[in-house]
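I opened this model to follow part of its sheet and then the annotated site. My notes are below.

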Amino acid sequence: MNTNKTYAERAARHPNACAKQLFELMERKKTNLSVAADVTTKKELLAVADAVGPFVCVLKTHIDIVEDFDQDLVDQLVALSKKHDFLIFEDRKFADIGNTVKHQYGKGIYKIASWSHITNAHTVPGEGIISGLREVGLPLGRGIILLAEMSTKGALTQGAYTTESVAMARRNQDFVFGFIAQHKMNESDDEDFVVMAPGVGLDVVGDSLGQQYRTPHQVILESGCDVIIVGRGIYGKPDEIEAQATRYREAGWNAYLERVRQHQ
Ligand code: BMP
């Protein structure tokens, strides 16, 4: 099962350029941590990105919550991604028909495809959403992941919805390389999807708005996910950003090493 191999082995054999690049980066930097930088000003976002940069494989953004967004923010984020060697993942959660998402991805104020290495999409509209995003993203070397399972209480992303979402990914492996999900999705040696898991926390089990947290140990070792996404657990206390990033990075990496060791 590819899930239990090293990130380096998975990088070497992966047919999808985006997944290959991500696995190589994770191995090189020895990190499976992604930080969700959910702050609302340009200054804070750049400060968080610069502080967590050395510890992460992926910086996850919600660019539409930044009150003073401008092109310079994007230019600086891209510069930081090069300086610290991380990928940018705009968590846009596209959810419309193919023709609409195509414009939302490539145009408008944000022009997401021009700077975000990875983005994601809901599967509610069916496979046309992937086709629309592909038209814009594939020529730029981008890749997407599908939301197969959400972390929140009462999420409808379960059962047949999840199964069908995975089936959609299987049919579109040139462009879709993984999922937002809570457990591994690989079923045979022929596939190697990257699973990024949000809802990760070491100190609390949830928030007042339905979020549910599990530990890096549960997510990586017990559930077979590949990347832990941590938001408030890291940027929540501005004085401790580096310390918390170090803590989560170690927890995630140790859980991964243990997973590899158990399957050798
Ligand atoms: P936090 O660790 O502060 O709860 O943040 C989690 C992040 O992951 C948020 O940016 C949220 O949008 C995202 N996310 C999530 O929490 N659950 C999902 O199922 C999918 C997400 O993208």
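I began with the pairing of strands 4 and 5. Strand 4, residues 118–121, is joined to strand 5 by 4 bridges, and the two run parallel. For a register check, I looked up isoleucine 118 and found it opposite glycine 143 of strand 5. I then traced the connection. The chain leaves strand 4, passes through helix 6 (residues 128–137) and enters strand 5; this β-α-β crossover is right-handed. I keep in mind that this is a predicted model.

Next I asked myself: is strand 5 mostly covered or mostly open? Strand 5 spans residues 143–147, and 5 of its 5 residues are buried, so I noted it as mostly covered under the cut-off of under 20% relative accessible area.

I moved on to the other partner of strand 5. Strand 6, residues 176–180, also runs parallel to strand 5, with 4 bridges between them. Here I noted isoleucine 145, whose bridge partner in strand 6 is glycine 178. The chain gets from strand 5 to strand 6 by way of helix 7 (residues 160–170), and this β-α-β crossover is right-handed.

Then I turned to the record. Which residues does UniProt list for "binding site"? The unreviewed entry gives Asp38, Lys60, Ser151, Gln211, Gly231 and Arg232. I compared that set with the pocket lining. Asp38, Lys60, Ser151, Gln211, Gly231 and Arg232 are in the lining of the largest pocket.

I picked two residues of the set for a closer look.

Aspartate 38 came up in the loop between strand 1 (33–36) and helix 3 (42–52). Why does aspartate 38 count as partly exposed? Its relative accessibility is 28%, which falls between the 20% and 50% cut-offs. I listed its contacts, leaving out neighbours within four places in sequence. Aspartate 38 is in contact with Lys60, His62, Ile65 and Tyr235. Lys60 is also one of the residues in the UniProt list.

Arginine 232 was my second pick. I found arginine 232 in helix 9, residues 232–235. Arginine 232 is partly exposed because its relative accessible area is 42%, again between 20% and 50%. With residues up to four places away in sequence not counted, arginine 232 touches Asp207, Gln211 and Tyr213. Gln211 is another name from the UniProt list. What joins the side chains of arginine 232 and tyrosine 213? I found a polar contact of 3.2 Å between these side chains.

Key:
Residues numbered from 1 in each chain as written. Predicted model: local features only at pLDDT ≥ 70, side-chain atom pairs only at ≥ 80, totals over all residues. Heavy atoms only, no water. Buried < 20%, exposed > 50% of the residue type's maximum accessible area, 1.4 Å probe, protein only. Pairing = 2+ DSSP bridges. Right-handed = clockwise from strand over helix to strand, strands pointing away. UniProt positions renumbered as here; feature names shortened; annotations may be inferred. 1 Å grid on protein atoms, 1.4 Å probe; cavity = no way out; pocket = protein on both sides within 12 Å on 5 of 7 lines; lining within 4 Å. Contact = heavy atoms within 4.5 Å. Polar contact = N/O pair within 3.5 Å; in protein donor to acceptor, adjacent residues only side chain to side chain.
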